[in-house]
Amino acid sequence: MSSLDVGVVGAGIVGLSAAINIQRLIRRVKVTVVADNFGRDTATPVTPCIFLPIPSCIRGVDSTKASEWLTDSWTHHYQMANSPEGKESGQSFMSGHYLWSHLPDRPNKIMPTLVKEYHLLDEQEKEALHFTYRHACRITTVVIDPIKYMQWLMKEFRQRGGQVVSDTAYSLQQLYGQFDVVVNCVGTRGRETVQDPYLVPVKGYVVQVEHECPKNFLITDDPITVIPHAESSIVDVGHILEPDVFSQEKNMELVELLLNKVKALVPSLMGSTVIESYVSRRPYRSPPLIKIEMVRCGGPVLPVVHNIGQGLETVTLAWGMGAEVAHLVQDVLRLVKPFPHMCRPFNTLA
Ligand SMILES: Cc1cc2nc3c(=O)[nH]c(=O)nc-3n(C[C@H](O)[C@H](O)[C@H](O)COP(=O)(O)OP(=O)(O)OC[C@H]3O[C@@H](n4cnc5c(N)ncnc54)[C@H](O)[C@@H]3O)c2cc1C
């Protein structure tokens with residue numbers, strides 16, 4: 001074992017974002033990603049993700065902390081979207097409308113300061129567009145193609161010397177002796193791997209339809225999303241959300257209900273052809289779990305940094321929370337380095 005060995009459990013967007021942030025922040029660190037699913041086999045969506053910075057959507061977290069994560073993530077994705085690399089890494093810009101009636105922080109203070117363009121619609125403008133929500137804004141923001149982005153993350157991780165191990169960790173204690181610190185990024189499987197009872201899946205539906213329409217998105221706070229793919233005539237519409245539902249079974253009545261809600265909101269989608277529908281599961285926790293825990297492994301302890309439960313905001317938050325995870329790992333390494341016997345089996349001590 002080298003002097004600084006970090007094991008990240010999970011190769012989804014959350015795990016890879018944390019792994020790269022650790023590589024960037026800490027010198028002479030060896031980072032290994034341990035996972036049993038990679039790439040398309042993770043929960044990474046096919047749907048483009050619109051970057052909507054809304055701190056109050058991050059339940060249980062004070063708005064200063066939420067704004068910090070969102071700002072770090074935004075800076076990363078905005079810089080990528082503005083660079084030639086953005087084409088490969090999946091970031092670009094898209095305009096559209098966000099409509100809301102219920103969210104508490106009106107107006108959202110951080111969104112206008114971050115996104116590329118922001119315009120709050122007045123009553124006349126809302127009426128002209130037949131928007132019945134209490135508030136509406138038109139914004140230009142970053143849209144992330146998660147499939148391209150995942151490929152970029154893995155390439156970047158490997159280029160920085162990252163190692164990948166394909167294995168199942170039945171518990172984090174199983175990794176004791178292999179790493180100085182373990183980072184828990186297991187997503188929805190947090191219940192079984194770290195026995196976190198507060199982590200629940202949120203089941204949602206996404207329907208892909210074929211439709212020639214303006215390349216603008218529409219998102220509401222109840223929540224409905226209409227997101228066109230940049231390079232085809234496919235439009236993804238989502239969600240009906242079912243919290244704490246573990247089954248992956250598709251309820252066709254809910255798919256129908258979703259389509260009807262979306263068509264009422266965007267009548268131009270009437271008559272579009274349904275291509276496919278998906279069930280999505282997002283790991284949700286209020287608040288997300290991001291903290292250091294000294295996990296007992298008999299006598300010694302295994303330092304763990306938890307990073308799970310980003311829920312509906314997973315793609316938006318992964319980079320910003322990954323930056324905080326890197327600082328927590330740095331703190332742990334400073335703490336345990338003078339006391340190696342606490343954390344390693346005696347036979348591995350140099
Ligand atoms: C159709 C669809 C649309 C979506 N839209 C959005 C959206 O618009 N915005 C958004 O933010 N989110 C969206 N999501 C959800 C989002 O994609 C997921 O929440 C996110 O990808 C989860 O990332 P993750 O890294 O936390 O977990 P995962 O991608 O599930 O990765 C978990 C990783 O941990 C590994 N792992 C777990 N347990 C173990 C273990 N015991 N041992 C070894 N390895 C283990 C797995 O192998 C995997 O590599 C959508 C999802 C779908 C399917």
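## Polar contacts with the ligand

A backbone N or O atom of A169 sits 2.7 Å from a nitrogen atom of the ligand. The model you are looking at is predicted, so please read this distance, and those that follow, as computed from that model. Two further polar contacts are worth a look on screen. The ligand places one of its oxygen atoms 2.9 Å from a polar backbone atom of A43, and T193 brings a polar side-chain atom to 3.2 Å from a ligand nitrogen.

How much of the ligand's accessible area does the protein cover? Taken on its own, the ligand has 1,000 Å² of accessible area, and the protein covers 94% of that.

## The shell around the ligand

Let us widen the view to the residues around the ligand. There are 30 of them, and those that come nearest are D36, N37, P45, A169 and V315. A169 is thus among the nearest residues, and its backbone also makes the 2.7 Å contact described above.

Which elements supply at least two residues of this shell? They are helix α1 (13-25), strand β14 (273-296) and helix α9 (314-336). Of the contributors, β14 gives the most, with 3 residues. Sorted by class, the shell holds 15 nonpolar residues, 10 polar ones and 5 that are charged.

## Two cis peptide bonds

If you are checking backbone geometry, here are two spots to visit. The bond joining D222 and P223 is cis, with an omega of about -20°. P223 belongs to the loop that runs between β10 (217-220) and β11 (225-228).

The other spot is the peptide bond from S286 to P287, which is also cis; its omega is near -5°. Where does P287 lie? P287 is in strand β14, the element that gives the most residues to the shell around the ligand.

## Positive phi outside glycine

Two residues other than glycine have a positive phi. For H130, phi is near 60°, and the residue is located in the loop between α5 (123-128) and β6 (135-144). Is H130 buried or exposed? With a relative accessibility of 69%, H130 counts as exposed, because the cut-off for that label is over 50%.

Q195 is not a glycine either, yet its phi is positive at about 50°. You will find Q195 in the loop between α7 (190-194) and β9 (200-210). Q195 has a relative accessible area of 57%, so it is exposed too.

How values were computed:
Residues are numbered from 1 along each chain as its sequence is written. This is a predicted model: local features need pLDDT of at least 70, side-chain atom pairs count only at pLDDT 80 or more; totals for chains, interfaces and linings use all residues. Side-chain values use heavy atoms; hydrogens and water are left out. A residue is near a molecule or strand if one of its heavy atoms lies within 4 Å of it. A polar contact is a pair of N or O atoms within 3.5 Å; within protein, one must be able to donate a hydrogen and the other to accept it, and residues adjacent in sequence count only if both atoms are side-chain atoms. Accessible areas come from the Shrake-Rupley method with a 1.4 Å probe; for residues, only the protein chains shown count as cover. Helices (H or I, at least four residues) and strands (E, at least two) are DSSP runs, numbered from the N terminus. Ala, Val, Leu, Ile, Met, Phe, Trp, Tyr, Cys and Pro count as nonpolar, Asp, Glu, Lys and Arg as charged, and the others, Gly among them, as polar. Buried means under 20% relative accessible area, exposed over 50%, partly exposed in between (1.4 Å probe, protein chains only).
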